[in-house]
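Work through the exercises below with the sequence and the structure at hand. Try each task before reading its solution.

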Amino acid sequence: MRQLTISLGPERAGEVVSFITGTPPSTAVRVNPFKTEDFPAQFASGTETYSRWGRLLPERPEFSLDPLFHAGAYYVQDASSMYLESILPEMRRMRSASPEGAFAVLDLCAAPGGKSTHLLSMLREIPGSFLVSNEVIRQRASVLCGNISRWGAVNVAVTNNDPADFQQLGKYFDVIVVDAPCSGEGMFRKDPEAVAQWSEDNVRLCAARQRRILADIMPCLRPGGLLVYSTCTFNPAEDEDNTRWLAASYGLEVADMRHFYPGDPMAGEGFYMSVLRFPGDGGKSSEIRKREKLKTGQYMPFKEKVPWVDDGTALYRRGDRLKAFPADAAAQMQALETVRGLRVLMSGTAVAEVIGGRGAGSGVKPVLLPQYSLIQSAVYRRGSLPEVEVSLETALAYLRRDSIRLSGVPSGYVTLTYGGIPFGLVKNLGVRCNSLLPPSMRLRTV
């Protein structure tokens, strides 16, 4: 391909072209540690990736027909992108050096959610951390919300903003990940349209757009913070040149810079990633201290016992919704919703609809109706609702929103499991079940 020869030079391009024209596209998955530490049996023949949770598969299964995929038990992601996990030791070190306050991470160009779900798995090891997962295109942000909800973490907010909108926060974030829109050379094997759309002019346009995105978000990285810049393309203009520009323009130190090409060990379709440190003492900036004192809007602590939710979870009511937040980052996450111009699409986990019980001393106990996002969440207390393990046929019928019946099961709310993992919520009426699966999540392929 002429495009790769321009980007890589004739020798390296010849190696990559030979590989991608002689082998099928790669497929890799990453399991969700919020739901399982085990690889599903169908992935047993997979090989290691750069993530402890990842497997590179010998062939691509039909993921849409696997209820575990819809349950969020794993995420389908390019194997090269899992190199992101290499920053985890540095994040642990940063947190140890600055243990006060919340540890804030931003995934700036997040849809459809591969790096965000990976970051959330990593942040399980960073106390007091939370993620802002952002996507500027509204339709893609809706897809992002669905994938984040399936992953089950509560320490995440999804936003729909332009990078410059975050500047009002000041030097707020400890880690910023920018997986920038690019010319997509790493998609050549999977997407013929990417080949057709490639041009040298488009490469220059992408490189300039990437610099604008980076320039817009740099004011939000605190001293001592970490910036990860990545693309799924190969050419130096969008990769090494932009990393060097970023380092020179903002005084950053390049800690890592690496290309992954198809055919490399543990690599997928192609990826570039650089890691840069912002020099500083790692202390919290005045902007962060000020932001942490913001009012938390209309959220009110919820004191009633909720049997479906694990102990230690912070519960708050806002209107008719009961939401779960991590106790050590709840105030900061809620405060983001009060910042003018930030469009927060979801934050924490909605666990129940609340009916009645408004106002102290009202004497009316609120009625709680569990929400579908509850059984997707890591805060769901297993066994607090009746659970029924269903067959593949019943699971797919539920995911299509077909009518299903459950025999020998109590009336009321029931959690459906497949492979031991919750994937569905119904209200069992005996003669039939009312599905609580959101219509937007309906399976339409079978």
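The exercises that follow treat a predicted model.

**Exercise 1.** Find the strand order of the open sheet of eight strands, and explain why β10 and β15 each have one side without a neighbour.

*Solution.* Step 1: list the strands across the sheet, which gives β10-β11-β9-β8-β5-β6-β7-β15 with mixed pairing. Step 2: look at the two ends. β10 (253-260) and β15 (344-347) are the edge strands, and each has a single partner strand, so one side of each has no neighbour in the sheet. Step 3: add the twist, which averages 15° from one strand to the next.

**Exercise 2.** How do strands β5 and β8 run, and which residue of β8 is the bridge partner of Val-105?

*Solution.* Step 1: β5 (residues 103-107) and β8 (residues 173-179) run parallel and are joined by three bridges. Step 2: the bridge partner of Val-105 in β8 is Val-175. Step 3: turn to the helix packed on the sheet. Helix α5 (residues 114-123) touches β5, β6, β7, β8, β9 and β11, and its direction makes about 180° with that of β6.

**Exercise 3.** Describe how helices α8 and α9 pack.

*Solution.* Step 1: two packed helices are described by the angle and the distance between their axes. Step 2: the axes of α8 (residues 200-217) and α9 (residues 240-250) come within 11 Å and cross at roughly 35°. The crossing is right-handed. Step 3: name the contact residues. Those of α8 include Leu-214 and Arg-211, and those of α9 include Trp-245 and Asp-241. Step 4: sort the residues of this contact, which gives six nonpolar, two polar and two charged.

**Exercise 4.** Which residues touch the most other members of the largest nonpolar core?

*Solution.* Step 1: this core has 83 residues, and the ones sought are Ile-87, Met-91, Val-175, Leu-322, Val-351 and Tyr-398. Step 2: ask which element gives the largest share; helix α13 (residues 392-399) does, with five residues. Step 3: another core, of 38 residues, lies apart from this one and has Leu-108 and Phe-278 among its members.

**Exercise 5.** What backbone exceptions occur at Pro-112 and at Met-266?

*Solution.* Step 1: recall that most peptide bonds are trans and that most residues other than glycine have a negative phi. Step 2: Ala-111 and Pro-112 are joined by a cis peptide bond, with omega about 5°. Pro-112 is in the loop between β5 and α5. Step 3: Met-266 is not a glycine, yet its phi is positive, about 65°. Step 4: Met-266 counts as partly exposed because its relative accessibility is 29%, and this falls between the cut-offs of 20% and 50%.

Definitions and conventions. Residues numbered from 1 in each chain as written. Predicted model: local features only at pLDDT ≥ 70, side-chain atom pairs only at ≥ 80, totals over all residues. Heavy atoms only, no water. Pairing = 2+ DSSP bridges. Helix = DSSP H or I, 4+ residues; strand = E, 2+ residues; numbered from the N terminus. Axes fitted to C-alpha atoms, helices over the stretch in contact; angles between N-to-C directions. Contact = heavy atoms within 4.5 Å. Core = buried A, V, L, I, M, F, W, Y, C linked by side-chain atoms within 4.5 Å. Buried < 20%, exposed > 50% of the residue type's maximum accessible area, 1.4 Å probe, protein only. Left-handed = near helix turned anticlockwise from the far one by under 90°. Nonpolar A, V, L, I, M, F, W, Y, C, P; charged D, E, K, R; others polar.
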